[in-house]
Every structure is written in C-alpha cells, then in structure tokens.
Amino acid sequence: MPRRSSRMLVRMESCHVAMFRFLLEAHDNLALFTVLERRPALLMLLFAEESRNRVLEILKGISASLPICWEDWPIGGR
C-alpha cells in the first residue's frame, strides 16, 4: 500500500493528450493525471512516491514518441 502520493507537471500540445493517456494507461495505471490547463496542455500527474523512478522511465519512453516535458510539482514540494 502506498504511503504517500507524489505529483509532477507535464506539458504538451493539447492534440497529444489522448495519446499520452493511452500510453500512460498501458503501464498498469501506475499514474493518473488531471488537466490543469487546456491550451497548451498542462497536466498534474499523480502517483505513489515509491513509483517515482518507474514513472520517470515511463515519461522518458513516452517522450520518444510525443513531444512532452515534465518537472517536479512546484507547489508544496513533492
């Protein structure tokens, strides 16, 4: 059972959000997201802190197919 949730910001063009969701869900729903801004898309990615390294690997893999960038959640630390 996860002890703590962690968040990241993910940025991309709005036209890539559906494919991003598809690729993210292909990894056993390790993380989920909500859209904070629509154009360009700004997403809040939520995942278990224990899964941080795996989530980063997934984001790196997705970035090979889609032009995305990500950063740590800036509000209130992790």
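This passage describes the fold, the overall dimensions and surface, and one arginine of a predicted model.

In the predicted model, the protein contains two helices and four strands, and these elements follow one another along the sequence in the pattern β-α-β-β-α-β. Among the contacts between residues at least 6 apart in sequence, 70% join residues that are at least 24 apart.

As to overall dimensions, the C-alpha trace spans about 35 × 25 × 15 Å along its principal axes. The radius of gyration of the protein is 12 Å, which agrees with the value near 12 Å that a compact globule of 78 residues would have. Of the 78 residues, 35% are buried, while the accessible surface comes to about 5200 Å², with 53% of that surface belonging to carbon and sulfur atoms. With regard to charge, the protein carries 11 positive and 9 negative side chains, and the centres of these two sets lie 3 Å apart.

At the level of single residues, R52 can be described in terms of its place, its accessibility and a side-chain contact. R52 lies in helix 2, the helix that comprises residues 52-63. Its relative accessibility is 8%, and R52 therefore counts as buried, since the cut-off for that class is under 20% relative accessible area. The side chain of R52 is joined to the side chain of D72 by a polar contact of 3.1 Å, so that a residue of helix 2 that is classed as buried takes part in a polar contact between side chains.

Definitions and conventions: Residues are numbered from 1 along each chain as its sequence is written. This is a predicted model: local features need pLDDT of at least 70, side-chain atom pairs count only at pLDDT 80 or more; totals for chains, interfaces and linings use all residues. Side-chain values use heavy atoms; hydrogens and water are left out. The radius of gyration is taken over C-alpha atoms; the globule rule is 2.2 Å times the number of residues to the power 0.38. Buried means under 20% relative accessible area, exposed over 50%, partly exposed in between (1.4 Å probe, protein chains only). Contact means heavy atoms within 4.5 Å. Accessible areas come from the Shrake-Rupley method with a 1.4 Å probe; for residues, only the protein chains shown count as cover. Lys and Arg count as positive and Asp and Glu as negative; His and the chain ends are not counted. The place of a charge is taken as NZ of Lys, CZ of Arg, CG of Asp or CD of Glu. A polar contact is a pair of N or O atoms within 3.5 Å; within protein, one must be able to donate a hydrogen and the other to accept it, and residues adjacent in sequence count only if both atoms are side-chain atoms.
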